[in-house]
Amino acid sequence: AAPGVTVLSSWRSLECFGAVPSPILTGATVVMHRGGVYLFGGYDGRQAHNSVHCTTLFNDILSEPVSISESMLPMLKYGLEYFADVCIESTVAGKTVYAHKCMLQTRAPQFWAFLQSTSTADEAADEEEEVGSIRVMFCFLSFSPDEVQATGLRSFAVLEWLLHYLYTARLPFAKLTPEELDSLEDAAVRFHLPHLLPYLAVNRACGGDRSEERRVGEEGRSRG
(Lines give C-alpha, C1' and ligand atoms only; values in the text may rest on other atoms or scores of the structure.)
Protein backbone atom coordinates (compact mmCIF):
# COMPACT_ATOMS: atom_id res chain seq x y z
CA ALA A 1 0.00 0.00 0.00
CA ALA A 2 1.07 3.58 -0.61
CA PRO A 3 2.37 5.54 2.40
CA GLY A 4 -0.46 6.85 4.53
CA VAL A 5 -3.10 4.63 2.86
CA THR A 6 -4.91 1.88 4.76
CA VAL A 7 -5.98 -1.12 2.69
CA LEU A 8 -9.42 -2.37 3.70
CA SER A 9 -9.79 -5.98 4.83
CA SER A 10 -13.31 -6.29 3.40
CA TRP A 11 -15.06 -5.60 0.10
CA ARG A 12 -17.29 -2.58 -0.39
CA SER A 13 -20.23 -2.45 -2.79
CA LEU A 14 -20.02 0.11 -5.58
CA GLU A 15 -23.06 2.04 -6.78
CA CYS A 16 -23.95 0.96 -10.33
CA PHE A 17 -26.05 2.76 -12.92
CA GLY A 18 -28.28 0.33 -14.84
CA ALA A 19 -27.86 -3.41 -15.10
CA VAL A 20 -24.72 -4.94 -13.62
CA PRO A 21 -22.52 -6.52 -16.33
CA SER A 22 -22.15 -10.28 -16.52
CA PRO A 23 -19.23 -11.63 -14.45
CA ILE A 24 -18.13 -13.75 -17.42
CA LEU A 25 -17.86 -10.77 -19.78
CA THR A 26 -14.51 -10.63 -21.61
CA GLY A 27 -12.95 -8.40 -24.22
CA ALA A 28 -14.56 -5.25 -22.86
CA THR A 29 -13.02 -1.80 -22.92
CA VAL A 30 -12.78 -0.13 -19.51
CA VAL A 31 -12.19 3.58 -19.01
CA MET A 32 -11.83 5.46 -15.71
CA HIS A 33 -12.96 9.09 -15.79
CA ARG A 34 -13.80 11.59 -13.03
CA GLY A 35 -14.42 9.04 -10.34
CA GLY A 36 -16.29 6.54 -12.51
CA VAL A 37 -15.53 3.27 -14.30
CA TYR A 38 -17.10 2.90 -17.77
CA LEU A 39 -17.27 -0.59 -19.33
CA PHE A 40 -17.97 -0.72 -23.07
CA GLY A 41 -19.04 -3.81 -25.01
CA GLY A 42 -17.57 -7.26 -24.37
CA TYR A 43 -18.22 -10.91 -25.17
CA ASP A 44 -20.11 -13.29 -22.87
CA GLY A 45 -19.23 -16.55 -24.63
CA ARG A 46 -22.31 -16.45 -26.86
CA GLN A 47 -22.59 -12.98 -28.32
CA ALA A 48 -20.81 -9.64 -28.54
CA HIS A 49 -22.43 -6.76 -26.64
CA ASN A 50 -22.83 -3.17 -27.78
CA SER A 51 -23.56 -1.71 -24.38
CA VAL A 52 -22.12 0.51 -21.69
CA HIS A 53 -22.13 0.07 -17.90
CA CYS A 54 -21.18 2.85 -15.51
CA THR A 55 -19.95 2.37 -11.95
CA THR A 56 -19.29 5.39 -9.78
CA LEU A 57 -16.50 5.47 -7.25
CA PHE A 58 -17.90 7.97 -4.76
CA ASN A 59 -16.19 6.18 -1.89
CA ASP A 60 -12.44 5.78 -1.72
CA ILE A 61 -12.13 1.99 -1.97
CA LEU A 62 -8.62 1.99 -0.51
CA SER A 63 -9.09 4.06 2.60
CA GLU A 64 -11.60 4.61 5.36
CA PRO A 65 -12.66 8.29 5.19
CA VAL A 66 -16.40 8.89 4.89
CA SER A 67 -17.49 10.66 1.71
CA ILE A 68 -19.28 14.00 1.75
CA SER A 69 -22.43 12.25 0.48
CA GLU A 70 -22.39 9.83 3.40
CA SER A 71 -21.89 12.72 5.80
CA MET A 72 -24.75 14.78 4.40
CA LEU A 73 -27.41 12.07 4.27
CA PRO A 74 -27.97 11.91 8.08
CA MET A 75 -28.68 15.66 8.02
CA LEU A 76 -31.65 14.90 5.81
CA LYS A 77 -32.78 11.66 7.46
CA TYR A 78 -32.59 13.03 11.00
CA GLY A 79 -33.24 16.70 10.29
CA LEU A 80 -34.29 17.85 13.74
CA GLU A 81 -31.17 16.37 15.28
CA TYR A 82 -29.13 18.46 12.82
CA PHE A 83 -30.92 21.78 13.48
CA ALA A 84 -33.32 21.63 10.53
CA ASP A 85 -35.24 24.87 10.10
CA VAL A 86 -37.70 23.91 7.34
CA CYS A 87 -40.57 21.43 7.55
CA ILE A 88 -42.20 20.42 4.24
CA GLU A 89 -45.59 18.80 4.72
CA SER A 90 -47.93 17.07 2.29
CA THR A 91 -51.51 18.17 2.87
CA VAL A 92 -52.70 15.01 1.10
CA ALA A 93 -50.45 12.22 2.37
CA GLY A 94 -49.95 13.71 5.82
CA LYS A 95 -46.19 13.16 5.57
CA THR A 96 -43.42 15.54 6.55
CA VAL A 97 -39.74 15.93 5.81
CA TYR A 98 -37.26 18.33 7.39
CA ALA A 99 -34.58 20.31 5.58
CA HIS A 100 -32.29 23.31 5.97
CA LYS A 101 -32.82 26.77 4.48
CA CYS A 102 -29.12 27.23 3.72
CA MET A 103 -28.99 23.95 1.77
CA LEU A 104 -32.14 24.70 -0.24
CA GLN A 105 -31.07 28.25 -1.01
CA THR A 106 -27.60 27.17 -2.09
CA ARG A 107 -28.42 24.03 -4.07
CA ALA A 108 -31.82 24.95 -5.56
CA PRO A 109 -32.71 28.64 -5.16
CA GLN A 110 -35.78 28.48 -7.38
CA PHE A 111 -37.10 25.44 -5.55
CA TRP A 112 -36.57 27.27 -2.26
CA ALA A 113 -38.40 30.33 -3.63
CA PHE A 114 -41.32 28.08 -4.55
CA LEU A 115 -41.44 26.55 -1.07
CA GLN A 116 -41.54 30.02 0.46
CA SER A 117 -44.48 30.88 -1.78
CA THR A 118 -46.60 28.04 -0.37
CA SER A 119 -47.53 30.31 2.54
CA THR A 120 -49.47 33.47 1.76
CA ALA A 121 -48.52 36.87 3.09
CA ASP A 122 -51.45 36.81 5.50
CA GLU A 123 -50.08 33.63 7.04
CA ALA A 124 -46.51 34.90 7.35
CA ALA A 125 -46.81 35.40 11.10
CA ASP A 126 -47.92 31.78 11.57
CA GLU A 127 -45.64 30.02 9.09
CA GLU A 128 -42.81 29.60 11.60
CA GLU A 129 -42.86 27.84 14.93
CA GLU A 130 -40.34 27.37 17.70
CA VAL A 131 -39.02 23.78 17.82
CA GLY A 132 -36.54 23.56 20.67
CA SER A 133 -34.24 26.52 20.10
CA ILE A 134 -34.72 26.51 16.30
CA ARG A 135 -37.24 28.65 14.43
CA VAL A 136 -38.82 26.27 11.87
CA MET A 137 -40.58 27.40 8.70
CA PHE A 138 -43.51 25.21 7.64
CA CYS A 139 -44.19 24.73 3.91
CA PHE A 140 -47.21 22.89 2.54
CA LEU A 141 -47.55 20.95 -0.73
CA SER A 142 -50.86 19.62 -2.02
CA PHE A 143 -49.59 17.80 -5.16
CA SER A 144 -52.69 19.07 -6.97
CA PRO A 145 -52.73 18.94 -10.80
CA ASP A 146 -51.87 22.65 -10.99
CA GLU A 147 -49.03 22.27 -8.51
CA VAL A 148 -47.66 19.21 -10.31
CA GLN A 149 -47.76 21.16 -13.56
CA ALA A 150 -45.81 24.00 -11.96
CA THR A 151 -43.22 21.91 -10.11
CA GLY A 152 -42.92 18.54 -11.87
CA LEU A 153 -43.14 16.88 -8.44
CA ARG A 154 -45.83 14.23 -8.86
CA SER A 155 -45.66 12.68 -5.40
CA PHE A 156 -44.17 13.06 -1.94
CA ALA A 157 -41.71 10.27 -2.81
CA VAL A 158 -40.33 12.34 -5.69
CA LEU A 159 -39.93 15.30 -3.33
CA GLU A 160 -37.92 13.07 -0.99
CA TRP A 161 -35.71 11.87 -3.87
CA LEU A 162 -35.12 15.47 -4.96
CA LEU A 163 -34.02 16.40 -1.46
CA HIS A 164 -31.84 13.27 -1.34
CA TYR A 165 -30.05 14.48 -4.46
CA LEU A 166 -29.72 18.07 -3.24
CA TYR A 167 -28.03 16.87 -0.05
CA THR A 168 -25.83 14.08 -1.42
CA ALA A 169 -25.42 14.82 -5.17
CA ARG A 170 -26.36 11.22 -5.89
CA LEU A 171 -29.41 8.96 -6.24
CA PRO A 172 -29.95 5.22 -5.60
CA PHE A 173 -31.30 4.60 -9.10
CA ALA A 174 -32.14 0.95 -8.39
CA LYS A 175 -34.81 2.15 -5.94
CA LEU A 176 -36.47 4.68 -8.28
CA THR A 177 -39.31 3.84 -10.64
CA PRO A 178 -39.30 5.12 -14.26
CA GLU A 179 -42.18 7.44 -13.33
CA GLU A 180 -40.17 8.93 -10.46
CA LEU A 181 -37.18 9.47 -12.76
CA ASP A 182 -39.42 11.24 -15.28
CA SER A 183 -40.80 13.44 -12.51
CA LEU A 184 -37.31 14.32 -11.32
CA GLU A 185 -36.36 15.37 -14.85
CA ASP A 186 -39.45 17.61 -14.99
CA ALA A 187 -38.56 19.15 -11.63
CA ALA A 188 -34.95 19.71 -12.75
CA VAL A 189 -36.21 21.68 -15.76
CA ARG A 190 -38.81 23.71 -13.85
CA PHE A 191 -36.45 24.61 -10.99
CA HIS A 192 -33.41 25.12 -13.26
CA LEU A 193 -31.17 22.43 -11.79
CA PRO A 194 -28.62 22.00 -14.61
CA HIS A 195 -26.43 19.69 -12.50
CA LEU A 196 -29.29 17.18 -12.03
CA LEU A 197 -30.25 16.83 -15.71
CA PRO A 198 -26.90 15.41 -16.97
CA TYR A 199 -26.74 13.15 -13.92
CA LEU A 200 -30.11 11.63 -14.87
CA ALA A 201 -29.10 11.51 -18.55
CA VAL A 202 -26.03 9.39 -17.73
CA ASN A 203 -28.27 6.95 -15.89
CA ARG A 204 -30.53 6.60 -18.92
CA ALA A 205 -27.58 6.24 -21.31
CA CYS A 206 -26.25 3.42 -19.15
CA GLY A 207 -29.51 1.49 -19.18
CA GLY A 208 -31.09 2.90 -16.03
CA ASP A 209 -34.50 3.31 -17.68
CA ARG A 210 -35.47 -0.36 -17.84
CA SER A 211 -39.23 0.02 -18.20
CA GLU A 212 -39.16 -1.80 -21.57
CA GLU A 213 -37.08 -4.57 -20.02
CA ARG A 214 -39.65 -4.93 -17.23
CA ARG A 215 -42.53 -4.98 -19.77
CA VAL A 216 -40.90 -7.77 -21.82
CA GLY A 217 -40.20 -9.76 -18.67
CA GLU A 218 -43.81 -9.43 -17.51
CA GLU A 219 -45.10 -10.53 -20.91
CA GLY A 220 -42.78 -13.56 -20.78
CA ARG A 221 -44.06 -14.54 -17.33
CA SER A 222 -47.69 -14.16 -18.44
CA ARG A 223 -47.10 -16.44 -21.44
CA GLY A 224 -45.41 -18.97 -19.15
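Visitor: Which residues in H7 are met by residues of H6?
Guide: Happy to show you, and keep in mind that this is a predicted model. On the H6 side, the residues in contact are Leu181, Asp182, Leu184, Glu185, Ala188 and Val189. Their partners in H7 are Leu196, Leu197, Leu200, Asn203 and Arg204.

Visitor: How many nonpolar residues does the contact of H6 with H7 have?
Guide: Let's sort the contact by class. Three of its residues are charged and one is polar. The nonpolar residues number seven.

Visitor: Is H6 roughly parallel or roughly antiparallel to H7?
Guide: Two packed helices are described by the angle between their axes and the distance between the axes. Here the axes of H6 (residues 178-190) and H7 (residues 196-205) come within 9 Å and cross at roughly 155°. Angles over 145 degrees count as roughly antiparallel, so H6 is, relative to H7, roughly antiparallel.

Visitor: Which residue forms a salt bridge with aspartate 186?
Guide: Side chains of opposite charge can pair when their charged atoms come close. In this pair the closest N and O atoms are 2.5 Å apart. Aspartate 186 lies in helix H6, and its partner, 32 residues apart from it, is in the loop between helix H4 (145-151) and helix H5 (156-168). That partner is arginine 154.

Visitor: Is arginine 154 buried, partly exposed or exposed?
Guide: Buried would need under 20% relative accessible area, and exposed over 50%. Aspartate 186, at 25%, is partly exposed. Arginine 154 has a relative accessibility of 41%, so it counts as partly exposed.

Definitions and conventions
Residues are numbered from 1 along each chain as its sequence is written. This is a predicted model: local features need pLDDT of at least 70, side-chain atom pairs count only at pLDDT 80 or more; totals for chains, interfaces and linings use all residues. Side-chain values use heavy atoms; hydrogens and water are left out. Axes are lines fitted to C-alpha atoms, for helices over the stretch in contact, and angles run from 0 to 180 degrees between N-to-C directions. Helices (H or I, at least four residues) and strands (E, at least two) are DSSP runs, numbered from the N terminus. Angles under 35 degrees count as roughly parallel, over 145 as roughly antiparallel, 65 to 115 as roughly perpendicular and the rest as oblique. Contact means heavy atoms within 4.5 Å. Ala, Val, Leu, Ile, Met, Phe, Trp, Tyr, Cys and Pro count as nonpolar, Asp, Glu, Lys and Arg as charged, and the others, Gly among them, as polar. A salt bridge is a side-chain nitrogen of Lys or Arg within 4 Å of a carboxyl oxygen of Asp or Glu. Buried means under 20% relative accessible area, exposed over 50%, partly exposed in between (1.4 Å probe, protein chains only).
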